[in-house]
Amino acid sequence: MVSLNLTVPLAVDFNDAEDYFIFITNLLIATTSFLVAGSVVLGIMCKKELRAQNRFIFMLNTSISDTLTGLGGYYIGLFDVQEGYPSKNGTYFILPSLLGVNILTIMSAQVDRFLAVVYPYTYNRYVSRTVVIGVCVSCWFYTYFFLLVQNLITIEMAARMNAYGILTMQIIIILKVLLNVKLYLIAKYQIAREPPGPQRDSKKESLRLIIVVVVCFLALWTPRFYYIIVVQVTRSRYMFKNNASDPFSMMIRFTATCTPGLYIWGSPALREAVLKTVWGRVCPPLRKR
């Protein structure tokens, strides 16, 4: 259905100044995604206190996906690759599907935070660390099982299946927005009535973080989503010759830097783990901060 050549040309010819800009931008996006997301993965894995909390399990899941996205960005962003129907030097949608893992994981994290604040007793009784890990694994299984089926059928059926997938993503986006509004109202009213203490601070931090992450995620991803819809509805070809020159594709891949970066910014415990446990080994002065 798609081909992956052994010799794939670079995405640009370096004939114009914009070619250098495109190449360097994609190189920076891939490198920062790998470094920032990889730091979050190592920071959580190295700290038992973080691994014991459900919200950090969700962060770990998206950061693993973002680390792989950063690595994949060296191929999609630097070489002449176009994922689509038809595809050019594509990866059978293996790399773009990492976004699907993130969408499902962040959606699950929103539901998790909602249950933790609104129904704390039920949440503490039934939503264990094992359950959260199972949800994260399910995000990977569903995404790549769907992709496996899509790659085994004909191109016409795969394109139709992809259209249904985009429709499903649209529904998920609407649910994300509604949940974000609900979480904002919870953070504004319900948590404000709780007595001061570590538990209240933890709930406030986690709610604020997931709200900011979802807003940034949707802001970077939604333009590409509607661009694909316009292309399919008008039955026109893609305006850009490959993913590297597509600004909407760049925005999506930049979420792999933005999301783990927001995790570090919004969580003092994670920030300390990343600075001291991960980067402190590379740059010893950071351990003293």
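In this predicted model, F145 reaches 47% relative accessibility and therefore counts as partly exposed. F141, at 59%, counts as exposed. The two residues share helix α6, where they lie 4 residues apart, or about one turn of the helix. Their ring centres are 5.7 Å apart and their planes meet at 15 degrees, so the pair is stacked.

Helix α6, which spans residues 129–152, also holds W140 and Y144, again 4 residues apart and about one turn of the helix. W140 is partly exposed, with a relative accessibility of 22%, and Y144 is likewise partly exposed, at 23%. Their rings form a stacked pair, with 6.2 Å from centre to centre and 15 degrees between the planes.

How many aromatic pairs does the structure hold? The count comes to 8. Elsewhere, F14, Y20 and F23 come together as one aromatic cluster. An aromatic ring also meets a charge: the charged end of R208 sits over the ring of W265, at 5.7 Å from the ring centre.

Turning to the surface, a nonpolar patch is formed by F34, L35, I64, L68, L71, W279 and V282, which together offer about 570 Å² of accessible area. Helices α1 (17–46), α3 (54–76) and α10 (268–282) each give two or more residues to this patch. The greatest share comes from α3, with 3 residues. F34, a patch member, is found in helix α1. With a relative accessible area of 33%, F34 is partly exposed, and patches take residues with over 30%.

Conventions
Residues are numbered from 1 along each chain as its sequence is written. This is a predicted model: local features need pLDDT of at least 70, side-chain atom pairs count only at pLDDT 80 or more; totals for chains, interfaces and linings use all residues. Side-chain values use heavy atoms; hydrogens and water are left out. Patches are made of residues with over 30% relative accessible area and no salt bridge: like charges are joined within 9 Å, nonpolar side chains (Val, Leu, Ile, Met, Phe, Trp, Tyr) within 5 Å. Accessible areas come from the Shrake-Rupley method with a 1.4 Å probe; for residues, only the protein chains shown count as cover. A salt bridge is a side-chain nitrogen of Lys or Arg within 4 Å of a carboxyl oxygen of Asp or Glu. Buried means under 20% relative accessible area, exposed over 50%, partly exposed in between (1.4 Å probe, protein chains only). Rings of Phe, Tyr and Trp (its six-membered ring) pair if their centres lie within 6.5 Å; planes under 30 degrees apart count as stacked, over 60 as edge-to-face and the rest as tilted. A charge sits over a ring if NZ of Lys or CZ of Arg is within 6 Å of the ring centre and within 35 degrees of the ring normal.
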